[in-house]
Amino acid sequence: MQTLSVFDMFKIGVGPSSSHTMGPWRAAQRFLNELLPEERSKIRQVSVDLYGSLAKTGRGHGTHVAVQLGLSGEDPETIDVTTIQQRIREIKESKRIKLVGVHQVPFDPCADIKFHDRQLPMHPNGMRFSVQLHNGATRDQAFYSVGGGFIVAEHESINGLVVPLPYPIENTLDLLAHCKACSCRIADIVMRNELSLRAESEIRERLTRIKDTMFDSIYRGCHTDGVLPGGLNVQRRAARMARKLLGEEPPASVDPWIAAIKRQPHNFQRILDWVSCFALAVNEENAAFGRIVTAPTNGAAGVIPSVMLYCLEFCDVAADAHFDFLLTAGEIGCIFKKGATISAAQGGCQAEIGVSSAMAAAALAEAIGGTPEQSAEAAEIAMEHHLGMTCDPIGGLVQIPCIERNAMGAVKAITAAQLAIQRDPAEARVSLDTVIRTMWETAQDMSEKYKETSEGGLAVQIPVNLSEC
C-alpha cells in the first residue's frame, strides 16, 4: 500500500504546471545533487532531453524555464519569483549556466534543451539529463514527472515508498471504516496518520503556511493587472473583478482585505462572484510563474483556496477550520492518486480540476457539518460531473481553458457539498470508489490527443506559434 501524506498533495512552488514545471525543476535539482561532489566540479557540458507531453506542451508550460532554474540550484519553494525571467534571459544571452549556483559551464538553451515527440516507456512525462565530464566520461539519468510535482527515476517504482500508518487507507471504504470504528470525522483519522510521520507542531505550522500561501496568491492575483505571458495576450481579470466587487480602496495586506470583503452585504450571486474571482486570481498568478500551492496540481491550484476562503468567510465555521479542511481535502486527493491519477498527461483534465473539485467538496461538506459518508458523497458528486474532461490547453499554456475551469471547479465543489449534506447517504447509488475507478477507466479510454498534448480540442481550434526558443 502506497504511503501518501497530505503534504504530498499540497506543495508550495511556482507555476504554471506541477507536472511540466515543478516536476522537471525537482528532477534537475535531484540529478545534480546525486552526482558525486567531485563529478559536479568537473562537468564541462550539460544537456536536457524532454519527451512526450513534456515536449509537446513544454514551451507553453515553462518546462525549459524550470529545468534551467533547477540546474542553477534554485528551489521552487524559496526562489524570488520576480527574478525568474531575468535569470532566464541572462542564461540565454550569456550562453552559460552556473550549476548548483557554483560551477559555471557553457549552456545554450536553444541547443542543449531538446524536445522529442516520442515517449519514454514508463510515463508520458519523461526527461533525461546528461553531463559530460572533463575526462570524457558521461553521466545521465531519466526521470518521470508523474503528476502533482511527484518525480521518479527510471529505476524506481512509480508507486513510491510504503511506510506503515496506524490507519492504513487505500480507498474510501477503508477511510469510512476507520471513521466508523473510531466514531470520528475524516480529518481526525488523517491527523492521527500524520502524527505517525511528524510532530503536531510541525503539522500545524505547515498547514498554516500552506493556507497563508494560498491566500497570498489570491490577494496578489486580485491586485495585479496586465497581460499574462506566453503569447495568447490573455488579459488578467481577477483584479478588475475584485475592485468592482469591493467598491472601495483595497487594504494593503491580505487579512484586512479579507475582512473588508466579509464586512460587505452579500447575496448568493455576490458570494459566487467572489468565489470565481478567488479562483481566477490564483490561476492567473500560476500562469505568470507566481508562487502558488499545488493542490493537487498547479493547473487546478485555484479550486481549493477559493472554496476554503469561501468556507472560512461565508460559512459558520471556526476560525481555525483551515486545519481540518486541508486534512480532509488532502486525504481525498491521496485516494484519487492511489486509485487513478492526478496527472493530466495520463487522465486529461478530469485528473486535475475534477480531483481538486472533489477534494474541496469533501472538505467543505465536513466543515459545514456533514458526516464522513456525506463528505465522501460530496467528493463523488463533484468528480461525477467532471468525468471525461479533456486537457486541451491552447498553445500548451495553462491559461485557456485552464483558468476559467478553476472557477467552474470551485462552484461545482460548493454545489456538490450542499447536495451531499441534504441527502441521506444510504440513498446514494454511486460510491466515491466507484467514480474513482470509472475515472481511471475513462482516462485509459481517452484519446492521447486529449491528454495535455495540445493536439486536440480547443488547442487545435486556435493555433498559436510558440516555436521560438
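Which residue takes a positive phi in the hairpin of E6 and E7? In this predicted model, the residue in question is Gly136, with a phi near 95 degrees. The hairpin leaves 4 residues between its two strands.

Strand E6 itself spans residues 125-133, and 7 of its 9 residues are buried, so the rest of the structure largely encloses it. It has partners to pair with, too. Strand E7 (residues 138-147) runs antiparallel to E6, and 7 bridges hold the pairing together on paper. One of the pairs puts Phe129 across from Gln141 of E7. Strand E2 (residues 43-52) also runs antiparallel to E6, this time with 9 bridges. Here, Leu50 sits opposite Met127 of E6.

Now for a helix. H21 takes in residues 432-445, 14 in total, and its first and last C-alpha atoms lie 20 Å apart, close to the 20 Å expected at 1.5 Å a residue. Its buried residues are Leu432, Asp433, Val435, Ile436, Met439 and Ala443. These cover an arc of only 165 degrees around the axis, which means that they sit on the same side of H21. The general rule behind such patterns is that an α-helix has 3.6 residues a turn, so residues three or four places apart point the same way.

As for what lies over that buried side, the cover includes helices H9 (172-182), H16 (322-339), H17 (344-347), H18 (353-367) and H19 (372-384). On the face turned away from the buried side, H21 carries the exposed residues Gln444 and Asp445.

Conventions
Residues numbered from 1 in each chain as written. Predicted model: local features only at pLDDT ≥ 70, side-chain atom pairs only at ≥ 80, totals over all residues. Heavy atoms only, no water. Expected span 1.5 Å × (residues − 1). Buried < 20%, exposed > 50% of the residue type's maximum accessible area, 1.4 Å probe, protein only. Arc of directions from axis to C-beta. Contact = heavy atoms within 4.5 Å. Pairing = 2+ DSSP bridges.
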